[in-house]
Amino acid sequence: MLLLTVKHVIADFVLQNSWMAIGKDQKTGWALPLLAHCLVHLAVAMVLILVVAPRFWFVALIDFVIHIIIDRLKGIIASSFGVTLEQAHPWFWTLIGVDQALHHLTGFGLAIFMAAN
């Protein structure tokens, strides 16, 4: 769990730029920023997992797919309802919180899977 949490902080906050963060939530033109952002998650997860538990390399791919799904759903909601920080939308922080909770629950589930196997 600690490994996947470190991965998440690095990929979601340290390595995500504004082009990715803003672009992935747009109504159009979201695919490339979303893919770039999720590929960063894949790369960081793959490196960390290969160092610590190489037989679970495929967990990085599972995390990648789930991350795309969660972030795209967040983008659909954000773009459909105009949920942005700039517009001070009341749902902005709730949407961010739910997004982060889902990512951490993903990490928790994947950690349980790796620990059990």
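Three worked exercises on cavities, pockets and surface follow, all on a predicted model.

**Exercise 1. Find the enclosed space and describe its walls.**

Step 1. Search the whole structure with a floor of 30 Å³: 1 cavity turns up.
Step 2. Take the volume. The largest cavity holds about 90 Å³.
Step 3. List the walls. The lining has 13 residues, and Lys7, His8, Asp63, His103 and Gly107 lie nearest the centre.
Step 4. Assign elements. Helix H1 (2–14), helix H4 (58–81) and helix H5 (92–116) each give at least two lining residues.
Step 5. Sort by class. The cavity lining counts 7 polar, 4 nonpolar and 2 charged residues.

**Exercise 2. Characterise the largest pocket: what volume does it have, and which element gives the largest share of its lining?**

Step 1. The volume of the largest pocket is about 590 Å³.
Step 2. Its lining has 22 residues; nearest the centre are Ala21, Asp25, Lys74, Phe92 and Ile96.
Step 3. Two or more lining residues come from each of H1, helix H2 (18–23), H4 and H5.
Step 4. H5 gives the largest share, with 6 residues.
Step 5. By class, the pocket lining splits into 10 nonpolar, 7 charged and 5 polar residues.

**Exercise 3. Which residues make the nonpolar surface patch, and why can Met1 qualify by exposure?**

Step 1. Met1, Val98, Leu102, Leu105, Phe108 and Ile112 form the patch, with an area of about 560 Å².
Step 2. Locate Met1: the segment before H1.
Step 3. Check exposure. Patch residues need over 30% relative accessible area. Met1 has 40%, so Met1 passes this cut-off and counts as partly exposed.

Definitions and conventions
Residues are numbered from 1 along each chain as its sequence is written. This is a predicted model: local features need pLDDT of at least 70, side-chain atom pairs count only at pLDDT 80 or more; totals for chains, interfaces and linings use all residues. Side-chain values use heavy atoms; hydrogens and water are left out. On a 1 Å grid over the protein atoms alone, a cavity is a set of points where a 1.4 Å probe fits but cannot get out, and a pocket is an open set with protein on both sides within 12 Å along at least five of seven lines; lining residues have an atom within 4 Å of a point. Grid points are joined across faces, edges and corners, and a volume is the space filled by probe spheres set on the points. Helices (H or I, at least four residues) and strands (E, at least two) are DSSP runs, numbered from the N terminus. Ala, Val, Leu, Ile, Met, Phe, Trp, Tyr, Cys and Pro count as nonpolar, Asp, Glu, Lys and Arg as charged, and the others, Gly among them, as polar. Patches are made of residues with over 30% relative accessible area and no salt bridge: like charges are joined within 9 Å, nonpolar side chains (Val, Leu, Ile, Met, Phe, Trp, Tyr) within 5 Å. Accessible areas come from the Shrake-Rupley method with a 1.4 Å probe; for residues, only the protein chains shown count as cover. A salt bridge is a side-chain nitrogen of Lys or Arg within 4 Å of a carboxyl oxygen of Asp or Glu. Buried means under 20% relative accessible area, exposed over 50%, partly exposed in between (1.4 Å probe, protein chains only).
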